[in-house]
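The following paragraphs explain a structure step by step, from a single helix contact to the arrangement of the chains. Please keep the sequence and the model in view while reading.

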Protein chains: 2
Amino acid sequence: MTRKGKDTNTESKILDAARQVFIEKGLAGARMQDIADRAEINKAMLHYYFKNKEMLFELIFRETAGKLFPHFEMLLDSDLGFFDKIRSIVSSYIETMVQNPYLPLFVMNEMNKNPEIGMKNFFEAQKPGFVKKFRASIEVSIQEGLIQPINPLHLIMNMFSMCAFPFIAKPMIKLLTGIEDEQFRNLMDQRKVLVAEFIINSIRK
Amino acid sequence: MTRKGKDTNTESKILDAARQVFIEKGLAGARMQDIADRAEINKAMLHYYFKNKEMLFELIFRETAGKLFPHFEMLLDSDLGFFDKIRSIVSSYIETMVQNPYLPLFVMNEMNKNPEIGMKNFFEAQKPGFVKKFRASIEVSIQEGLIQPINPLHLIMNMFSMCAFPFIAKPMIKLLTGIEDEQFRNLMDQRKVLVAEFIINSIRK
DNA sequence: AGTTTTGTTAACCATTTGGTTAATTTATGA
DNA sequence: TCATAAATTAACCAAATGGTTAACAAAACT
């Protein structure tokens with residue numbers, strides 16, 4: 001094995017632990033010792049593999065932020081009809097959140113609390129451009145008379161709001177409604193179709 | 001002045017500073033010294049007026065969480081038509097967010113990071129029940145044939161998602177679209193009517 | 001085998017942090 | 001006026017925290 005120490009068991013154990021801790025506690029609340037403990041390694045190894053807390057955090061943040069907007073550009077370029085594009089994006093986006101429920105709150109919160117770190121690493125993790133593509137697609141659909149006129153930005157905001165917000169507000173939703181994790185999960189599954197139809201219903205002519 | 005030391009200049013200076021710091025940095029990231037500095041008082045005063053960091057935080061959290069759902073119950077009891085209720089709630093809710101843009105992220109994040117503290121103090125700050133009232137109101141409107149059938153919970157989620165999420169995602173929205181604070185503010189103002197009409201458009205028969 | 005590189009550890013260190021204390025100043029009230 | 005209580009401060013403290021070091025073990029190379 002002439003590999004450059006990458007993917008060592010230790011290294012990935014650290015990354016796994018760091019992911020857990022940073023996502024659970026945030027940058028400010030995370031403790032290096034906690035990460036070392038969960039990885040079952042000596043704290044010094046953290047600095048051996050990754051220079052310091054900030055470097056380790058930026059790595060995890062970039063990796064996580066990268067999951068925020070999956071293959072949407074591919075989808076938007078496809079020959080699906082506009083409504084089916086919405087259905088696909090909504091469904092796949094909510095599924096992403098179901099798989100990574102912590103995702104939206106973690107990214108949004110760290111971007112707010114540490115704008116410099118957040119923005120720098122977000123750009124490295126995320127190839128923007130899908131917004132522009134989405135906007136264009138909406139404008140075309142308006143021109144074609146397929147949907148009612150609406151500021152594309154608002155439509156996009158509405159869509160991602162309805163997809164992501166429930167995961168951010170989960171504790172409050174559970175508190176206000178008394179539902180449990182399983183029922184919450186069911187609700188989110190329902191939303192995969194419900195949200196898309198809610199949107200389409202509102203904008204279709 | 002035979003008042004029991006309440007509202008002392010010092011005391012309210014502390015509260016103002018604590019509000020700033022906790023909201024900006026969160027519980028984990030907040031520093032007592034930072035609060036003392038911003039209040040321009042000696043750090044010991046923090047412990048003189050408020051036992052410790054957690055007590056001070058709970059106070060601020062409760063106060064802040066209390067703003068999350070204003071006079072909705074009053075509004076729901078009014079004799080406004082269902083659509084006008086939606087218009088009123090959306091508009092007043094977004095205005096609340098415009099006035100306190102940090103509100104949703106702060107509350108949601110702390111409830112996630114510190115479930116015990118969060119939930120305990122949320123209940124003390126918030127008289128629930130407006131959800132039940134809202135659900136009932138939606139069910140009646142469905143029965144009356146005014147709107148299409150929809151799970152009230154989803155409708156409520158959709159509404160609050162579209163109102164609150166943009167404020168949580170503000171840094172990302174600015175990053176993805178290139179807009180500045182002023183334009184963001186304009187967008188949010190537009191949403192006061194846009195979101196309500198978007199919803200009504202989707203559910204009306 | 002022996003030497004060099006890589007991985008790992010325990011102990012240590014400086015700084016930060018939440019919190020305390022004892023002394024001092026500033027009202028308050030008899 | 002004088003004693004008592006309330007407010008304020010500087011100095012201090014112990015624990016926690018991010019990070020380092022020096023010694024040691026395990027591979028890897030020759």
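**Helix packing, burial and symmetry**

In chain B, the axes of helix H1 (residues 9–29) and helix H4 (residues 53–65) cross at roughly 90° and come within 10 Å. That crossing angle makes H1(B) roughly perpendicular to H4(B). On the side of H1(B), the contact is made by Ile14(B), Leu15(B), Ala18(B), Arg19(B), Phe22(B), Ile23(B), Leu27(B) and Ala28(B). On the side of H4(B), the residues are Lys53(B), Leu56(B), Phe57(B), Leu59(B), Ile60(B), Glu63(B) and Thr64(B). By character, the residues of this contact between H1(B) and H4(B) divide into 11 nonpolar, one polar and three charged. The model, like every value given here, is predicted rather than experimental in origin.

The overall make-up of chain A gives the setting for such contacts. Chain A has 12 helices and zero strands, so that its elements, read from the N terminus on, run α-α-α-α-α-α-α-α-α-α-α-α. Its C-alpha trace spans about 60 × 45 × 35 Å along the principal axes. Of the 205 residues in chain A, 52% are buried. Among contacts between residues at least 6 apart in sequence, 69% join residues at least 24 apart.

A second helix pair can be followed in chain A. Helices H7(A) and H10(A), the latter comprising residues 152–168, pack at an angle of about 90°, and their axes are 7 Å apart. H7(A) is therefore roughly perpendicular to H10(A). Here Pro104(A), Leu105(A) and Met108(A) of H7(A) meet Ala164(A), Phe167(A) and Ile168(A) of H10(A). The residues of this contact divide into six nonpolar, no polar and no charged.

In chain B, Pro104(B) lies in helix H7, which comprises residues 103–113. Is Pro104(B) buried or exposed? Its relative accessibility is 1%, and Pro104(B) therefore counts as buried. Leaving aside residues up to four places away in sequence, Pro104(B) touches Met97(B), Ala164(B), Phe167(B) and Ile168(B). One of these partners, Phe167(B), is 63 residues from Pro104(B) along the chain, yet their C-alpha atoms are separated by 7.3 Å.

Helix H8 of chain A, residues 115–125, shows how burial can be distributed around a helix. The buried residues of H8(A) are Ile117(A), Gly118(A), Asn121(A) and Phe122(A). They lie on the same side of H8(A), because they cover an arc of only 115° around the axis. An α-helix has 3.6 residues a turn, so residues three or four places apart point the same way. The face of H8(A) turned away from the buried side carries the exposed residues Glu116(A) and Glu124(A). What do the buried residues of H8(A) pack against? Within chain A they pack against helix H1 (9–29), helix H4 (53–65) and helix H7 (103–113), and in chain B against helix H11 (170–177).

That last partner leads to the relation between the chains. Two copies of a chain are related by a rotation about an axis and a shift along it. Here, chain B can be laid on chain A by a turn of 180° and a shift of 0.0 Å along the axis, with an RMSD of 0.0 Å. The two copies are thus related as by a two-fold rotation axis. The same surface serves both copies, as 100% of the contact residues of chain B recur in chain A. Which residue of chain B comes closest to the rotation axis? It is Ser202(B), whose C-alpha is at 1.9 Å.

Ser161(B), placed in helix H10 (residues 152–168) of chain B, illustrates contacts between the copies. With a relative accessible area of 0%, Ser161(B) is buried. Apart from residues up to four places away in sequence, Ser161(B) touches Ser161(A), Met162(A), Phe165(A), Pro166(A) and Arg191(A), along with Pro166(B).

A backbone detail completes the picture. Glu40(A) is placed in the loop between helix H2 (32–39) and helix H3 (43–49) of chain A, and its phi is near 55°, a positive value in a residue other than glycine. Glu40(A) counts as exposed, at 68% relative accessibility. In chain B, Glu40(B) lies in the loop between helices H2 (32–39) and H3 (43–49), with phi near 55°. Glu40(B) is exposed, having a relative accessible area of 66%.

Definitions and conventions. Residues are numbered from 1 along each chain as its sequence is written. Chains are lettered from A and ligands numbered from 1 in the order in which they are written. This is a predicted model: local features need pLDDT of at least 70, side-chain atom pairs count only at pLDDT 80 or more; totals for chains, interfaces and linings use all residues. Side-chain values use heavy atoms; hydrogens and water are left out. Copies are superposed by least squares on the C-alpha atoms of residues with pLDDT of at least 70 in both. Contact means heavy atoms within 4.5 Å. Buried means under 20% relative accessible area, exposed over 50%, partly exposed in between (1.4 Å probe, protein chains only). Helices (H or I, at least four residues) and strands (E, at least two) are DSSP runs, numbered from the N terminus. The arc is that of the directions from the helix axis to the C-beta atoms. Axes are lines fitted to C-alpha atoms, for helices over the stretch in contact, and angles run from 0 to 180 degrees between N-to-C directions. Angles under 35 degrees count as roughly parallel, over 145 as roughly antiparallel, 65 to 115 as roughly perpendicular and the rest as oblique. Ala, Val, Leu, Ile, Met, Phe, Trp, Tyr, Cys and Pro count as nonpolar, Asp, Glu, Lys and Arg as charged, and the others, Gly among them, as polar.
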